[in-house]
Amino acid sequence: MSGGLLEHFSHIVAVLLMVAGLHVVMARGNLIKKLVGLSIFQTSVYLLYIAPGKLIGGTAPILAPEYALYSNPLPHVLILTAIVVGVATLALGLALAVRIREAYGTIEEDEITAADNAVQDAEGAKP
Amino acid sequence: MMALAVLVLVRTRNLFAVIVLSGIYSFLMATLLVALDAVDVAMTEAAVGAGVSTVLLLGALHLCKSEEAKPVHRPWLPLSLSLATAGLLIYGALGLPDFADPAAPIHRHVAPRYLQNEVDVPNVVTAVLASFRGYDTLGETTVVFTAGAGIIALLRRRRHPRNEDGDHGK
Amino acid sequence: MESSLVLRVVAKLLIPFILLFALYVQFHGDFGPGGGFQAGTIFAAGIVFYALVFGLDNARRIVPDRLVEAMLALGVLIYAGVGVAGLLLGGNYLDYFVLAADPVHGQHRGIFWVEAGVAVTVSGVMLKIFYMFAGRGRHDGDAA
């Protein structure tokens, strides 16, 4: 079952992409940058699902009499829907970012926290 | 190529460049998916990832500032955390079946039945999507619909009663 | 929005083919790569391209907001309606075998309508999202 690094190359690529996305989400304060990082994370999951379905010598799962060996169609179906749902949720996140920008005037996480803290301090000082 | 695009993407602070790079990244991902025989997925990724989501990101960017602020704290903690996650995941991946191993569980379970073509639709992906897994797809369509409804709810309001939100910001 | 002449001419030439390709992908999805999700996004991308070149107002005149919002709900209803039709004809929910006298033909019919529902919803949502973002941007620009 377990081979060398070469047999797991696709997994390693997926892991590295996933970690790059994770890093962007954690380290960057800008909300739009965070969403781009999140979508990179998502594409790494696509890769993780699609790669095991491939068979050497197989062809795309569209049946024709000339071919006998097909790649596994099931991951394709799952990821196909995941992509479209992914873009819909990405748009939802962007809509939230736009609303935050209208309320706070910024999309930087630190500045939003600072504004929140300032409001909290002012409310705490009032009574 | 893709690693390069991602690295530059992580480093760049100009959001416009980031968005264009993510479009390029999507196209590269689509070509990779073609190489892995997932033509349907590649088509969707090219249309959605490189087309629609780039336009959406640019539209959102138009409403926000296009330069990212310099991070105040050093990114060592997230970086080390990410690298630790990477190490752990790669260690776990070594236990997974080899690439293109015909004996892997994924090729043994339900896929052979899907490939028998009971419904007489040559494109198996379409058959599985709409017929065998109809409930899944109904759920996904509902999720897409809900996301659309959520965006309408978030962005529809005109700008007249702005003062409440504005006060909160100040 | 002023665009260059070249862009306008090329867009006018290209957009019918984009929409035609979307329909091809939709109806040829049984035999080649394609289906409701892809067709929906390609169709929406065609309209978005039109809006980018000729301005948002012109696009809104061709595909009005009301229609887009109706498409949003209509697609899910078509999909769920196929399931209900299966119920009424004596099968399980989303069971296509009963939709026609021949079970295989019934499957084809069910898949066709389900894909149509998916395409309608997806293209409606994509277009609506684009309209929301683009429309907001213009209002912001006017106010600022």
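This is a short tour of the contacts between chains and the salt bridges in a predicted model.

**Stop 1: chains B and A**

Start by colouring chain B and chain A differently, then select the residues where they touch. You should pick up 86 residues from chain B and 78 residues from chain A. Between them, the two chains bury about 7,600 Å², and 75% of that area is on carbon and sulfur atoms.

Now keep the chain B side of this contact on screen. Plenty of helices take part: α1 (2–11), α2 (15–35), α3 (39–63), α4 (76–93), α5 (111–114), α6 (124–132), α7 (134–155) and α8 (163–169) of chain B each give two or more residues to the side that touches chain A. Which of them gives the most? Select α3(B), which supplies 12 residues. If you colour this side of chain B by residue class, you'll get 55 nonpolar, 13 polar and 18 charged residues.

What about pairings across the boundary? There are 0 salt bridges between chain B and chain A. Polar contacts do turn up, though: 3 residue pairs, with both partners at pLDDT 80 or more.

**Stop 2: chains C and A**

Next, hide chain B and bring up chain C beside chain A. Here the contact takes 11 residues from chain C and 11 residues from chain A. The buried area comes to about 870 Å², with 79% of it on carbon and sulfur atoms. Show C:F37, C:F133 and C:R136 as sticks: these three supply 53% of the area that chain C buries against chain A, more than any other three residues.

How many salt bridges are there between chain C and chain A? The count is 0. Residue pairs in polar contact also number 0 across this interface, counting pairs with both residues at pLDDT 80 or more.

To see where the chain C side comes from, highlight α2 (36–54) and α5 (103–143) of chain C, which each supply at least two residues. The biggest share is from α5(C), with 6 residues. By class, this side of chain C has 7 nonpolar, 2 polar and 2 charged residues.

**Stop 3: a salt bridge inside chain A**

Time to look within the chains. Over all chains there are 4 salt bridges. For one of them, zoom in on A:E102 and A:R99, where the closest N and O atoms are 3.3 Å apart. Why are these two about one helical turn apart? Because they are 3 residues apart in helix α3 (residues 73–104) of chain A. Both A:E102 and A:R99 are buried.

**Stop 4: a network in chain C**

Finish by selecting C:R60, C:D65, C:E69 and C:K128, which are linked in a network of salt bridges.

Begin with C:R60 and C:D65, whose closest N and O atoms are 3.2 Å apart. C:R60 is partly exposed, with a relative accessible area of 23%, and C:D65 is partly exposed too, at 25%.

Then move to C:E69 and C:K128, whose side chains meet in a salt bridge at 2.9 Å, N to O. This pair links distant parts of the chain, 59 residues apart: C:E69 is in helix α4 (residues 65–88) of chain C and C:K128 is in helix α5 of chain C. Are these two residues buried or partly exposed? C:E69 is partly exposed, at 28% relative accessibility, whereas C:K128 is buried, with a relative accessible area of 2%.

Definitions and conventions
Residues numbered from 1 in each chain as written. Chains lettered and ligands numbered in written order. Predicted model: local features only at pLDDT ≥ 70, side-chain atom pairs only at ≥ 80, totals over all residues. Heavy atoms only, no water. Contact = heavy atoms within 4.5 Å. Buried area = accessible area lost by both parts, 1.4 Å probe. Polar contact = N/O pair within 3.5 Å; in protein donor to acceptor, adjacent residues only side chain to side chain. Helix = DSSP H or I, 4+ residues; strand = E, 2+ residues; numbered from the N terminus. Nonpolar A, V, L, I, M, F, W, Y, C, P; charged D, E, K, R; others polar. Buried < 20%, exposed > 50% of the residue type's maximum accessible area, 1.4 Å probe, protein only.
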